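Dear colleague,

Please find below the structure that I am handing over to you. A summary of what was found in it follows.

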Amino acid sequence: MNRRTTLVGVVALATGLTLAGCSSSDSKPELKVTGAFMPQPVSDMAAGFLVVKNSSDTSDRLISVTSPLSDDVTIHETKNQTMRMVTSFDVPAGGKLDLERGGRHIMFMKLKQQPKRGESVPVELHFEKADPIKVDLPVKETTYNPKKQ
C-alpha cells in the first residue's frame, strides 16, 4: 500500500510540474494586422505595406509571406536608399512591426497579373510562433501614402 501511495504522489507531482510548464509566458503571440495596402503596380513588381500589432508579452518574427499574385514574394528593408532582402522582421512583445514606404515592406516579383485600384490582393503572413494570418491588401493609387491621408 505504501508503494502505491508513493507512486501516486510521484505521478501527481510530475503532472503538476508538467502543467506548471504551460504558463502564459509560453503562449503564442496575439497578433493583429491593420493598415494593409498595395499601391497599384506599374511593372511586373509590386510592394505591400501593413502594420502587425502584438498585444501579448511574447515577441515573434515575420518569417515569410505567400500570395497567389506571385510565386516570388519576399520581405525587404530599405536603408540608406538601398533595398535588400531580409530573412525576418521582429514583432516585439507589446509593440508593432511597421511595413511602410521607404522602410520595411513586402516585395512581389514576377506578378501573375496586374491588380487594379479597387481590387484586393490576398496574402498570408507566416510567423515563427503565431499561426499564419490571412490579409487582403486593398490596391490603392500608385502614389497612395496613408501618412498623408
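Helices and strands are here DSSP runs, a helix having at least four residues and a strand at least two, and they are numbered from the N terminus. Please note that the model is a predicted one. From the N terminus on, the elements of the protein chain follow the order α-β-β-β-β-β-β-β-β-β-β. This amounts to 1 helix and 10 strands.

With regard to the chain as a whole, 36% of its 149 residues are buried. The accessible surface is about 9,400 Å², and carbon and sulfur atoms account for 52% of that surface. Where contacts join residues at least 6 apart in sequence, 70% of them link residues at least 24 apart.

Turning to the interior, the largest nonpolar core consists of 29 residues. Those with the most contacts inside this core are L50, V52, L62, F108, L125, F127 and L137. Another core, of 5 residues, lies apart from the largest one, and its members include A47, F49, M107 and Y144. To take one residue of the largest core in detail, which residues does L62 touch, leaving aside those up to four places away in sequence? The partners of L62 are I75, T87, S88, F89, V91, L97, L99, L125, H126 and F127. Two of these partners, L125 and F127, are themselves named among the residues with the most contacts inside the largest core.

The pockets may also be of interest to you. The largest pocket has a volume of about 250 Å³. It is lined by 16 residues, and P39, A46, A47, F49 and R101 are the closest to its centre. A47 and F49 also belong to the core of 5 residues described above. Both β2 (46-54) and β8 (105-109) supply at least two residues of this lining, and β2 gives the most, with 3 residues. By class, the lining of the largest pocket comprises 9 nonpolar, 6 polar and 1 charged residues.

The second largest pocket has a volume of about 200 Å³. Of the 13 residues that line it, V51, L99, E100, P146 and K147 lie nearest its centre. L99 is also one of the residues that L62 touches. At least two lining residues come from each of β1 (31-39), β2 and β7 (96-99). How many residues of each class does the lining of the second largest pocket have? There are 6 nonpolar, 3 polar and 4 charged residues.

With kind regards

Conventions
Residues numbered from 1 in each chain as written. Predicted model: local features only at pLDDT ≥ 70, side-chain atom pairs only at ≥ 80, totals over all residues. Heavy atoms only, no water. 1 Å grid on protein atoms, 1.4 Å probe; cavity = no way out; pocket = protein on both sides within 12 Å on 5 of 7 lines; lining within 4 Å. Points joined across faces, edges and corners; volume = space filled by probe spheres on them. Nonpolar A, V, L, I, M, F, W, Y, C, P; charged D, E, K, R; others polar. Buried < 20%, exposed > 50% of the residue type's maximum accessible area, 1.4 Å probe, protein only. Contact = heavy atoms within 4.5 Å. Areas by Shrake-Rupley, 256 points an atom, 1.4 Å probe, with all protein chains shown as cover. Core = buried A, V, L, I, M, F, W, Y, C linked by side-chain atoms within 4.5 Å.
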